Amino acid sequence: MILLLDVGNTRIKWRLMQDHRVVGEGFVLRAELSELPARLGPGVDLQAVWVSSVAGPDMAEQIRQLFADRARLPIWFAGSSASVMGLRNSYADPSRMGVDRWLAMLAAWHPTQQPVCILDAGSALTIDFVDGGGAHVGGYIIPGLSLMERALLQDTDRVRFGDAARDRLDPGTSTESAVLNGLLLSQAGAVALALDRIEGEFDLVFTGGDGAALCAAVGRGGQFSENLVLDGLLLLGREAAV
């Protein structure tokens with residue numbers, strides 16, 4: 001089996017692959033990394049571990065140590081490159097593009113090879129455009145909903161959110177609903193403005209923890225793919241034949 005890991009800012013998503021089948025998936029918080037082997041279940045025979053990580057070298061070492069008792073188990077960390085499988089990076093230094101963005105673009109563009117806009121709504125909201133020829137046209141990086149919410153909680157004494165709904169765009173009738181609706185409105189408005197500024201038509205693919213809510217708020221169609229980075233990691237790992 002191959003274990004795929006998507007190490008984000010707060011969570012680690014995992015997927016177990018056997019041949020071409022998904023045999024298990026889930027997530028752990030980064031602070032709960034040591035619990036991952038137990039989550040995989042007993043008797044898991046791993047042939048390799050493939051990792052996409054936006055964390056630093058300390059987390060990479062923790063992952064290596066987690067499997068230190070399996071001395072010959074190959075652990076491969078994916079990285080961004082100038083091009084792969086027809087997808088072309090727009091960065092002058094391709095290694096500086098976040099690997100999560102790179103893999104999400106690969107997973108969204110490669111199956112259809114049509115112009116696509118990838119919207120990853122996690123700790124940050126990233127908006128990336130890839131044309132039909134596989135060229136990354138460019139993108140935007142914006143603080144995500146949870147990051148904006150934390151900033152307001154830290155810098156304002158009287159704003160508390162409680163159980164207010166987090167998926168509405170209508171004007172709020174309390175401070176809490178005005179703030180939460182305003183946060184989602186700002187994200188949806190940013191997406192709408194980005195789409196209006198780009199020339200041509202792009203399919204929309206949403207991912208990330210707030211991706212489904214953002215897709216509904218934007219209201220321009222598109223699809224939600226929960227584990228787009230893992231999908232891209234699988235594509236890249238097979239292409240690299242690691």
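**Figure 1. Arg39 and its acidic partners in the predicted model.** Arg39 has a relative accessibility of 37% and therefore counts as partly exposed. The structure is a predicted model. Arg39 forms a salt bridge with Glu35, with N and O 3.0 Å apart. Arg39 also forms a salt bridge with Glu32, for which the closest N and O atoms are separated by 3.7 Å. Glu35, with a relative accessible area of 35%, is partly exposed. Glu32 likewise falls in the partly exposed class, its relative accessible area being 25%.

**Figure 2. The salt bridge between Arg101 and Asp128.** The side chains of Arg101 and Asp128 are joined by a salt bridge with an N to O distance of 2.5 Å. This pair links distant parts of the chain, the two residues being 27 residues apart. Arg101 belongs to helix H3, which covers residues 99-109, and Asp128 belongs to strand E9, which covers residues 124-130. Is Arg101 buried or exposed? Arg101 is buried, as is its partner Asp128.

**Figure 3. The network formed by Arg15, Glu25 and Asp231.** Salt bridges link Arg15, Glu25 and Asp231 in a network. In total, the structure holds seven salt bridges.

**Figure 4. The surroundings of Lys13, a buried lysine without a salt bridge.** Lys13 is part of strand E2, which runs over residues 11-18. Which side chain of opposite charge is nearest to Lys13? That side chain belongs to Asp6, at a distance of 5.0 Å. The cut-off for a salt bridge is 4 Å between a side-chain nitrogen of Lys or Arg and a carboxyl oxygen of Asp or Glu. A polar atom of the Lys13 side chain lies 3.0 Å from the backbone oxygen of Glu226. When residues up to four places away in sequence are not counted, Lys13 touches Leu4, Leu5 and Asp6, together with Gly26 and Phe27. Further residues touched by Lys13 are Glu226, Asn227 and Leu230.

**Figure 5. Leu235 in helix H7 and its contacts.** Leu235 is located in helix H7, spanning residues 228-240. Its relative accessibility is 25%, so Leu235 counts as partly exposed. Once neighbours within four places in sequence are set aside, Leu235 is in contact with Met85, Leu106, Ala107 and His110. One of these contacts, Leu106, is 129 residues from Leu235 in sequence. The C-alpha atoms of Leu235 and Leu106 are 7.9 Å apart in space.

**Figure 6. The whole chain as context for the close-up views.** The chain contains seven helices and twelve strands. The chain is as compact as a globular protein of its length, because its radius of gyration of 19 Å is close to the 18 Å that the globule rule gives for 242 residues. Along the principal axes, the C-alpha atoms fill a box of roughly 60 × 45 × 30 Å. Of the 242 residues in the chain, 43% are buried. Among contacts between residues at least 6 apart in sequence, 51% join residues at least 24 apart. The chain exposes an area of about 12,400 Å², and carbon and sulfur atoms supply 50% of this area.

Technical notes: Residues are numbered from 1 along each chain as its sequence is written. This is a predicted model: local features need pLDDT of at least 70, side-chain atom pairs count only at pLDDT 80 or more; totals for chains, interfaces and linings use all residues. Side-chain values use heavy atoms; hydrogens and water are left out. Helices (H or I, at least four residues) and strands (E, at least two) are DSSP runs, numbered from the N terminus. Buried means under 20% relative accessible area, exposed over 50%, partly exposed in between (1.4 Å probe, protein chains only). Lys and Arg count as positive and Asp and Glu as negative; His and the chain ends are not counted. A polar contact is a pair of N or O atoms within 3.5 Å; within protein, one must be able to donate a hydrogen and the other to accept it, and residues adjacent in sequence count only if both atoms are side-chain atoms. Contact means heavy atoms within 4.5 Å. The radius of gyration is taken over C-alpha atoms; the globule rule is 2.2 Å times the number of residues to the power 0.38. Accessible areas come from the Shrake-Rupley method with a 1.4 Å probe; for residues, only the protein chains shown count as cover.
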